[in-house]
Amino acid sequence: MEKLRVGIIGATGMVGQRFALLLHNHPWFEVTALAASPRSAGLPYGEVMKDRWMMGAPLPESLKNLLVIDASDVDAVASQVDFVFSAVEMKKDEIFALEEAYARAECPVVSNNSAHRTTPDVPMLIPEVNHVHTEIIPLQRQRLGTKRGFIAAKSNCTIQSYVPALSPLLKYGLKDVLVCTYQAISGAGKTFETWPEIVDNIIPFVGVGEEEKAENEPLKIWGTINAQTGVIVNASNVNITAQCSRVPVADGHMAAVFMRFSGGTKPSREQIITDWNSFKSAPQELKLPSAPIQPLQYFEEEDFPQTRLHRNRENGMGFSLGRLRADSQYDYKFIGLSHNTLRGAAGGAVLVAELLRAKGYFGS
């Protein structure tokens with residue numbers, strides 16, 4: 001299989017750096033363009049990142065001499081790639097316009113940003129859950145007037161810790177969900193060195209709009225395509241309320257989840273665990289390179305999953321679950337965990353891109 005040429009827009013930020021590592025030696029993709037703000041443009045990536053590299057592994061040698069391009073120079077980037085990953089750190093309206101400019105320039109965009117997640121004809125993908133939403137892309141292309149160009153978004157990192165676990169349970173009439181999340185500092189682009197205020201501390205606020213995303217994004221993921229209007233219609237049969245906090249953890253978002261089923265019937269604890277452990281979907285069937293072999297894994301140990309022990313399960317692409325038990329007000333409660341900068345950010349976007357390639361959406 002011939003490798004596709006890939007650009008990283010926002011290559012100097014934490015998520016952009018994670019993309020650089022994940023795409024190094026990727027079997028399907030090869031980084032041929034790195035783009036960032038004008039102040040980095042024209043300089044070798046290795047020089048720009050000399051004092052800014054935050055990853056545990058070293059910067060790939062193959063990228064050190066690539067000259068950084070101004071991300072706003074759409075034609076310059078688009079001419080060197082088959083598609084781009086977007087991880088820019090700009091105002092939301094600026095990201096919205098920039099990503100659409102790339103799409104209209106016939107350069108597909110796989111976005112880690114939130115700007116287009118609510119755009120009705122942009123699929124917001126967790127590949128194991130709503131891979132069928134890729135079918136909206138031809139309708140989006142009609143709106144954009146493009147042949148190749150489109151935008152696909154990865155969902156918020158927060159919801160990765162519970163939406164994949166809830167999705168196999170929708171068939172039982174899932175009705176009400178209460179979730180409290182405990183989110184790592186890397187989700188804010190921080191380390192303990194750059195954010196000493198978080199040490200020995202919990203901040204009961206993650207950012208403006210975070211809880212709204214936690215409540216609303218799952219509804220789009222569980223929604224359906226209306227082919228007549230060319231939009232994804234949000235699900236309306238599940239109610240979600242969320243409280244999000246920032247905790248002194250480097251990587252890994254955890255969620256305490258409470259769930260109630262409608263109609264007075266509910267699955268047994270054993271059935272839920274069976275559904276979780278046996279869950280597989282398109283990424284596993286297609287054998288995508290970044291897909292976890294077992295997406296959902298339930299741990300019977302009372303004190304599992306633990307962030308430090310389990311965030312890297314399946315190379316950081318798996319979802320870890322535990323403490324499923326009856327609740328006095330809801331039907332059940334459980335704990336979910338995912339790696340926020342791997343599955344929840346760059347890794348999740350790479351898996352989206354693999355799905356899109358496997359389904360032929362990067363073709364000419």
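This dialogue discusses how to read pockets and one residue environment in a predicted model.

User: How is empty space in such a model found, and what is the volume of the largest pocket?

Analyst: Rolling a probe the size of a water molecule over the atoms shows where empty space is left. In this structure, the largest pocket holds about 840 Å³ of space. Its lining comprises 35 residues, and those closest to the centre are Asn112, Asn113, Gly187, Ala188 and Lys213.

User: Which helices each supply at least two residues of that lining, and which element gives the largest share?

Analyst: The helices are α1 (14-23), α5 (92-104), α9 (210-221) and α13 (342-358). The largest share, 3 residues, comes from α1.

User: How do the lining residues of the largest pocket divide by class?

Analyst: There are 13 nonpolar, 14 polar and 8 charged residues in the lining of the largest pocket.

User: What are the volume and the lining of the second largest pocket?

Analyst: The second largest pocket has a volume of about 310 Å³. Its lining is formed by 16 residues, with Thr12, Ala36, Ser37, Glu89 and Met90 nearest the centre. By class, 7 of the lining residues are nonpolar, 5 polar and 4 charged.

User: Turning to a single residue, is threonine 119 buried or exposed?

Analyst: A residue counts as buried under 20% relative accessible area. Threonine 119 has a relative accessible area of 10%, and is therefore buried.

User: Where is threonine 119 found, and which residues does threonine 119 touch?

Analyst: Threonine 119 is in the loop between β5 (109-111) and β6 (124-125). Leaving aside residues up to four places away in sequence, threonine 119 touches Phe96, Arg143 and Lys220.

Terms used. Residues numbered from 1 in each chain as written. Predicted model: local features only at pLDDT ≥ 70, side-chain atom pairs only at ≥ 80, totals over all residues. Heavy atoms only, no water. Helix = DSSP H or I, 4+ residues; strand = E, 2+ residues; numbered from the N terminus. Buried < 20%, exposed > 50% of the residue type's maximum accessible area, 1.4 Å probe, protein only. Contact = heavy atoms within 4.5 Å. 1 Å grid on protein atoms, 1.4 Å probe; cavity = no way out; pocket = protein on both sides within 12 Å on 5 of 7 lines; lining within 4 Å. Points joined across faces, edges and corners; volume = space filled by probe spheres on them. Nonpolar A, V, L, I, M, F, W, Y, C, P; charged D, E, K, R; others polar.
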